[in-house]
Amino acid sequence: MADKRSDLKKVIMDTKTLPTLPNVIHKLNSLSDNDKSSVQEMAKIVSSDQVLSARILRLANSPSYGFYRVSTISNAMILLGVNVVKSLALSSSIFAIMEKDSVGLWEHSLAVGVAANLIARKLSLPECEEIATAGLLHDIGKVIISLKCPEAEKDIVKLASERHLYTMEAERETIDTDHAEVGGWLSKSWFLPDKLSEPIAFHHDVATSVNHRIKTAVVHMADILICASGFGSSGDRFVPPIQKIAWDTLKLNEQLLAELVEEIEDKLVEVQNFSLEMMSD
Ligand SMILES: [Fe+2]
Ligand SMILES: [Fe+2]
């Protein structure tokens, strides 16, 4: 069994066929670590990517940002804010990797990103943007499994439906690993920092996260609240339970949860519009 798993790891992680994050993301990330980087510098990097530039201009000119007329990338970045531009860059490239036939999973991922951001802000946590990014990427392992092992993926779906299992359980039985672990492997090959790779790798097992348990707990909660909302599709037909350790780590209570559920519901309308916008290309 151990051999099967390590063989599979080789297949899945074969870098020749593994999707790569576009250079523009790496460049934007390296700039943001340096406080002195100006909007002009970022605008220069973004301008080198035509598709991304077009999306940013379209978003900046959309009615939700008022009726400004914006014709340059640097003005668009001032209007939208650097973080919006960064998450747009990341989500466009993740969307490109996900392909158009996994719209349900794309919508689920986008909504978990948004919900994670909302929870982090509500709890006044530091690094809300990173938490949102981890939420956006949390199920990326599912994309890799379906890309690299399409036959196994069919077996996983069949097994989960026949025996009423969670996708995780069916994955373990079929390929001896699961999408969270695969997502962790991928994060390493993309050189993502631990604060992103831990929530991705442990979003179904918060207790295993040691260094970034709070971020992991937020992504776990966001995942479950979005499953329960019925928005998008994670592939699971049942809503998984909230792990007690996540609840305790975030010091949640019934009142806070009720407020969060309501705020997330309101936000999902915007997420739906954004998702339609991305798909219209
Ligand atoms: Fe998951
Ligand atoms: Fe998920």
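Along the sequence, the residues that donate to the iron ion (ligand 1) follow the spacing D-x39-H-x23-H-H. The model is predicted, so local features need pLDDT of at least 70 and side-chain atom pairs count only at pLDDT 80 or more, while totals for chains, interfaces and linings use all residues. Residues are numbered from 1 along each chain as its sequence is written, and side-chain values use heavy atoms, with hydrogens and water left out.

The residues behind that spacing are Asp-139 (OD), His-179 (NE2), His-203 (NE2) and His-204 (NE2), which lie 2.2 Å from the iron ion (ligand 1). Donors here are N, O and S atoms within 2.8 Å of the metal (3.2 Å for Na, K and Ca); water is not among the atoms, so sites may look incomplete. The four donor atoms subtend angles of 82 to 171 degrees at the iron ion (ligand 1), and the arrangement is therefore irregular. Four donors count as tetrahedral if all angles lie between 85 and 135 degrees; four count as square planar and six as octahedral if opposite donors are over 155 degrees apart and all others between 65 and 115; anything else is irregular. Among these donor residues, His-203 is buried, at a relative accessible area of 0%. Buried means under 20% relative accessible area, exposed over 50%, and partly exposed in between (1.4 Å probe, protein chains only).

A second iron ion (ligand 2) sits 3.6 Å from the iron ion (ligand 1), and Asp-139 coordinates both. The protein donors of the iron ion (ligand 2) are His-108 (NE2), His-138 (NE2), Asp-139 (OD) and Asp-223 (OD), at 2.2 to 2.4 Å. Its site is also irregular, with angles of 81 to 174 degrees among the four donor atoms. The spacing of its donor residues in sequence is H-x29-H-D-x83-D. Distant parts of the chain are linked by the pair His-138, in the loop between helix H8 (128-137) and helix H9 (140-148), and Asp-223, in helix H14 (residues 213-229), 85 residues apart. Helices (H or I, at least four residues) and strands (E, at least two) are DSSP runs, numbered from the N terminus. His-138 is buried at 0% relative accessible area, and Asp-223 is buried at 4%.

Away from the donor lists, one aromatic pair is counted. The ring centres of Tyr-166 and Phe-238 are 6.1 Å apart and the planes stand at 85 degrees, so the pair is edge-to-face. Rings of Phe, Tyr and Trp (its six-membered ring) pair if their centres lie within 6.5 Å; planes under 30 degrees apart count as stacked, over 60 as edge-to-face and the rest as tilted. Tyr-166 is partly exposed at 25% relative accessible area, and Phe-238 is partly exposed at 35%.

Note on methods. Chains are lettered from A and ligands numbered from 1 in the order in which they are written.
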